[in-house]
There are 2 protein chains.
Amino acid sequence: MNQIPEPKLAYDGTAADLIQAARALFALHGYEGTSVRAITQRAGTNLGAITYHFGSKRALYEAVISSALEPTRERFAAAVAAAGDEPLDKAEALVRTFFDFLQENADLPPLMAQQLTSPEPIPAAALRTISGNIGMLASLIAEGQASGSMRPGDSRLMALSIAAQPIWLTLARRALREGVAIDQDDPNTRARLVQSVVDFVRAGLAAYPENRE
Amino acid sequence: MNQIPEPKLAYDGTAADLIQAARALFALHGYEGTSVRAITQRAGTNLGAITYHFGSKRALYEAVISSALEPTRERFAAAVAAAGDEPLDKAEALVRTFFDFLQENADLPPLMAQQLTSPEPIPAAALRTISGNIGMLASLIAEGQASGSMRPGDSRLMALSIAAQPIWLTLARRALREGVAIDQDDPNTRARLVQSVVDFVRAGLAAYPENRE
DNA sequence: GGTGATATCATACGAACGTATGAAGGGAGT
DNA sequence: ACTCCCTTCATACGTTCGTATGATATCACC
């Protein structure tokens with residue numbers, strides 16, 4: 001019998017060029033602020049290409065959002081697997097990996113923020129990815145609580161406290177540089193910021209203080 | 001001698017109506033997604049009103065951003081003053097007040113996120129407000145470190161870890177409801193979320209574990 | 001009561017928008 | 001060689017955009 005067709009998340013040729021160009025422009029100028037003319041021009045193709053390959057500008061947008069979020073899944077899973085057995089170490093690995101991923105995909109925080117901001121429905125594929133990631137972090141915390149290394153509390157809510165930090169601090173990058181003189185473009189500063197978040201998260205999760213006197 | 005004129009942050013009459021209408025619409029649909037026709041119609045005035053009172057749509061936007069952020073200053077200061085002497089309690093008061101303020105001004109996180117997302121310069125008045133608030137939280141942490149109740153670490157970076165949580169969790173409100181089934185519109189759920197962040201922040205700051213066994 | 005400043009109004013203008021349409025390319029299979 | 005089918009292209013259409021313009025309204029003040 002027929003399956004409801006999943007929207008594809010991998011593209012090639014002109015469609016991939018469109019996704020890439022659109023992703024950069026949407027992140028910079030938002031959905032309404034980006035014209036199909038700007039996208040097709042940046043993708044080096046014709047004005048009609050979006051209509052042909054995706055049907056409409058909005059369908060292209062949804063493909064951008066879903067495909068941008070999707071790679072986080074395996075990236076996070078790999079990070080957790082590579083870390084040791086101690087849940088606190090896994091959490092730290094997750095935080096560092098999240099920071100790294102957002103560094104490599106600097107357009108992701110703007111895209112997410114815009115999507116969260118707009119009244120348009122969140123694409124189902126994106127919702128599934130978010131939910132999966134939060135769930136992974138939450139079950140990792142539950143594991144730590146079971147083993148006694150993490151303090152009690154609602155593991156899902158604790159996961160949100162953690163996830164908020166890399167996203168928001170990356171999103172606010174420019175404001176932090178201009179307003180608080182914290183420049184994440186400087187690798188040294190950035191390393192200190194990431195370390196500070198890691199320390200905060202470990203302290204926020206741990207059942208007993210680590211390395212404190 | 002002449003001062004460089006500060007842009008005014010309080011408005012009345014038609015100008016105030018325009019600010020209010022624009023703020024709601026910008027938060028919902030973004031800058032580009034909001035037309036001057038929609039704003040003037042919602043404000044119950046004429047198409048030409050924005051040009052007359054602010055000169056341009058963008059000037060109105062900057063007035064919206066600056067005036068929306070400004071009230072946080074005294075609100076936070078009052079919250080800290082009302083809390084006890086213990087810095088950890090002041091930090092908790094700040095977190096709760098931030099959540100409350102964002103609840104009352106639900107359009108603020110979208111506005112901030114859109115501004116951070118866009119390549120347009122951040123209005124100087126907004127930058128000053130942000131910087132002042134982070135500075136207040138940071139010096140509160142430094143105070144706690146000096147008195148021994150908070151763990152060591154860069155107080156400014158720790159302040160950012162804290163500030164990120166209310167903002168992002170409020171911004172992601174819809175995604176949390178649809179994707180993780182955490183509905184902040186339910187007062188009970190919301191209280192548990194706020195309490196969880198408070199616990200996380202206290203644990204993240206404290207030099208010694210509080211109420212843990 | 002007329003005069004000038006301030007504010008509001010209806011309307012016009014050119015530019016940019018998303019999408020539709022149909023013609024032109026370009027290989028694979030016969 | 002010819003026919004499909006997929007893709008790319010140039011162009012046109014109707015709409016909406018931000019701003020400019022000039023007329024009208026309101027009201028304090030001499």
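Begin with helix 5 and helix 6 of chain B, where helix 5 passes helix 6 in a right-handed crossing. The model in view is a predicted one. Two packed helices are described by the angle between their axes and the distance between the axes. Select residues 72–82 for helix 5 of chain B and residues 87–104 for helix 6 of chain B: the axes come within 8 Å and cross at roughly 145°. To display the contact itself, show B:Thr72, B:Arg75, B:Phe76, B:Ala79, B:Val80 and B:Ala82 on helix 5 of chain B, and B:Lys90, B:Ala93, B:Leu94, B:Thr97 and B:Phe101 on helix 6 of chain B. Coloured by class, this contact of helix 5 with helix 6 of chain B has 7 nonpolar, 2 polar and 2 charged residues.

Next, select B:Val197, which lies in helix 11 of chain B, residues 187–205. B:Val197 has 25 other C-beta atoms within 10 Å and is therefore buried. Leaving aside neighbours within four places in sequence, the contacts of B:Val197 are A:Ser161, B:Val95, B:Gln165 and B:Pro166. Add B:Arg96 to the view: B:Arg96 and B:Val197 are 101 residues apart in sequence, and their C-alpha atoms are 9.1 Å apart in space.

The contact of B:Val197 with A:Ser161 leads to the interface between the chains. Here the contact takes 48 residues from chain A and 48 residues from chain B. On the chain A side, select helix 1, helix 7 (108–117), helix 8 (124–147), helix 9 (155–171), helix 10 (173–180) and helix 11 (187–205), the elements that each give two or more residues to the side touching chain B. Helix 9 of chain A gives the most, with 11 residues. By class, the side of chain A that touches chain B holds 27 nonpolar, 12 polar and 9 charged residues.

Now display both chains together. A rotation of 180°, with 0.0 Å of shift along its axis, superposes chain A on chain B with an RMSD of 0.0 Å. The two copies are thus related as by a two-fold rotation axis. To locate the axis, select A:Gly204, whose C-alpha is the nearest to it in chain A, at 2.0 Å. The same surface serves both copies, as 98% of the contact residues of chain A recur in chain B.

Hide chain B for a moment and consider chain A alone. Chain A has 11 helices and 0 strands. Its C-alpha trace spans about 65 × 55 × 30 Å along the principal axes. Of the 213 residues in chain A, 46% are buried. Among contacts in chain A with a separation of 6 or more, 66% join residues 24 or more positions apart.

Finally, restore chain B and turn to the DNA. Around DNA strand D there are 17 residues, of which A:Thr14, A:Gly48, B:Ser35, B:Ser56 and B:Lys57 come nearest. Two or more residues of this surface come from each of helix 1 (13–29) and helix 3 (49–54) of chain A, and helix 2 (36–42) and helix 4 (57–69) of chain B. The surface near DNA strand D comprises 5 nonpolar, 9 polar and 3 charged residues.

DNA strand C is likewise surrounded by 17 residues, the closest being A:Ser35, A:Lys57, B:Thr14, B:Asn46 and B:Gly48. For this surface, select helix 2 (36–42) and helix 4 (57–69) of chain A with helix 1 (13–29) and helix 3 (49–54) of chain B, which each give two or more residues. The surface near DNA strand C has 5 nonpolar, 9 polar and 3 charged residues.

Technical notes: Residues numbered from 1 in each chain as written. Chains lettered and ligands numbered in written order. Predicted model: local features only at pLDDT ≥ 70, side-chain atom pairs only at ≥ 80, totals over all residues. Near = placed C-beta within 6 Å. Helix = DSSP H or I, 4+ residues; strand = E, 2+ residues; numbered from the N terminus. Nonpolar A, V, L, I, M, F, W, Y, C, P; charged D, E, K, R; others polar. Contact = placed C-beta atoms within 7 Å. Least-squares fit on C-alpha atoms with pLDDT ≥ 70 in both. Buried ≥ 20, exposed ≤ 12 C-beta atoms within 10 Å, placed from the backbone. Axes fitted to C-alpha atoms, helices over the stretch in contact; angles between N-to-C directions. Left-handed = near helix turned anticlockwise from the far one by under 90°.
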